[in-house]
Amino acid sequence: MTIIIGLHLPGKGTWIGADSRTLCGTSIFPPSAQKITSWKSRALMSSGDGYMLTLIKRHKRTIFARAGADAVSLALVKIQKENDFDHRQNNVGSRSWGQHFIYATPAGVWDFDGCGSLLPVPPGHMWALGSGSDYALGCDHGLMASGVKMAPGARIELALNAACAFDVGCAPPFQIEHLK
């Protein structure tokens with residue numbers, strides 16, 4: 001029930017974007033969530049529930065205390081353990097480790113799940129997580145295949161709009177940031 005996006009272009013920086021709809025357990029809330037938490041040219045986004053977004057904002061100094069995706073991932077796993085998140089694969093609900101995160105810096109984008117598994121995103125490739133991710137990535141793939149040139153922030157916005165057009169779990173307004 002969400003969409004978060006990252007795009008890193010070497011030498012130009014990193015763009016990130018998110019919609020504003022969130023959930024908690026099985027409840028879908030009106031669009032008002034701030035899914036991007038930024039600190040000193042670094043950002044973390046969660047495709048999880050509202051409680052996880054609250055924890056990220058509350059612990060952002062701890063999360064961003066050390067540089068690097070590995071350190072951020074370990075800090076998130078620790079915070080989830082301290083707040084009774086359940087790591088079982090089949091667990092669902094507001095305390096599930098079924099959270100997914102995008103960590104972004106001016107030097108790159110990383111995808112990691114609630115258990116801390118890291119995936120660096122190749123430079124130049126858009127990455128999206130959440131229920132609207134297939135629509136966002138399909139939109140960007142079609143745009144790139146067509147040869148149409150578009151500014152990176154506009155690419156993010158177009159992908160977010162595609163996700164919202166086809167997935168009722170995604171909703172504007174959007175947050176879009178450029179990390180440089």
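Residues are called buried when their relative accessible area is under 20%, exposed when over 50%, and partly exposed in between, as calculated with a 1.4 Å probe on protein chains only. The structure is a predicted model, in which local features need pLDDT of at least 70 and side-chain atom pairs count only at pLDDT 80 or more, whereas totals for chains, interfaces and linings use all residues. Residues are numbered from 1 along each chain as its sequence is written, and side-chain values use heavy atoms, with hydrogens and water left out.

**View 1. Overview of the chain, with 5 helices and 11 strands.** Helices (H or I, at least four residues) and strands (E, at least two) are DSSP runs, numbered from the N terminus. Of the 180 residues in the chain, 48% are buried. Among contacts with a separation of 6 or more, 59% involve residues 24 or more positions apart; a contact means heavy atoms within 4.5 Å.

**View 2. The open sheet of 5 strands, in the order β5-β6-β7-β8-β9.** The pairing in this sheet is antiparallel, and two strands count as paired if DSSP finds at least two bridges between them. Strands of a sheet pair through backbone hydrogen bonds, either parallel or antiparallel. The edges are formed by β5 (36–39) and β9 (118–120), each of which pairs on one side only. From one strand to the next, the twist averages 20°. Angles run from 0 to 180 degrees between N-to-C directions, and axes are lines fitted to C-alpha atoms, for helices over the stretch in contact.

**View 3. Bridge partners from β5 to β8 in the sheet.** Strand β5 pairs with β6 (residues 42–46) in the antiparallel sense over 4 bridges, and R42 in β6 is the bridge partner of W39. Antiparallel pairing over 4 bridges also joins β6 to β7, where M45 stands opposite I102 in β7. Between β7 and β8 (residues 108–113) there are 6 bridges, again antiparallel. A hairpin of 2 residues connects β7 to β8, and T105 has G108 in β8 as its bridge partner. Because 5 of its 6 residues are buried, β7 is largely enclosed by the rest of the structure.

**View 4. Helix α1 (residues 50–58) packed on the sheet.** The helix touches β5, β6 and β7 (100–105), and its direction makes about 160° with that of β6. The buried residues of α1 are M52, L53, L55 and I56. These residues lie on the same side of α1, because they cover an arc of only 160° around the axis; the arc is that of the directions from the helix axis to the C-beta atoms. The buried residues of α1 pack against β5, β6 and β7, and also against α2 (60–63) and α3 (69–82).

**View 5. The salt bridge between D19 and K35.** A salt bridge is a side-chain nitrogen of Lys or Arg within 4 Å of a carboxyl oxygen of Asp or Glu, and 3 are counted by this rule. Side chains of opposite charge can pair when their charged atoms come close. The N to O distance between D19 and K35 is 2.3 Å. The pair links distant parts of the chain, 16 residues apart: D19 is in the loop between β2 (13–18) and β3 (23–24), and K35 is in the loop between β4 (27–28) and β5. D19 is buried, at 0% relative accessibility, and K35 is buried too, with a relative accessible area of 1%.

**View 6. Salt bridges involving helices α3, α4 and α5.** In helix α3, K78 and E82 are 4 residues apart, about one turn of the helix. The closest N and O atoms of this K78–E82 salt bridge are 3.9 Å apart. K78 is exposed, with 53% relative accessibility. The side chains of D140 and R155 form a further salt bridge, at 2.7 Å from N to O. D140 lies in helix α4 (residues 133–146) and R155 in helix α5, so that this pair links distant parts of the chain, 15 residues apart. Both D140 and R155 are buried.**View 7. The surroundings of D167, in the loop between α5 (152–166) and β11 (175–179).** D167 is buried yet has no salt bridge. The nearest side chain of opposite charge is that of R21, 7.5 Å away; Lys and Arg count as positive and Asp and Glu as negative, while His and the chain ends are not counted. Not counting residues up to four places away in sequence, D167 touches S131, G132 and Y135.
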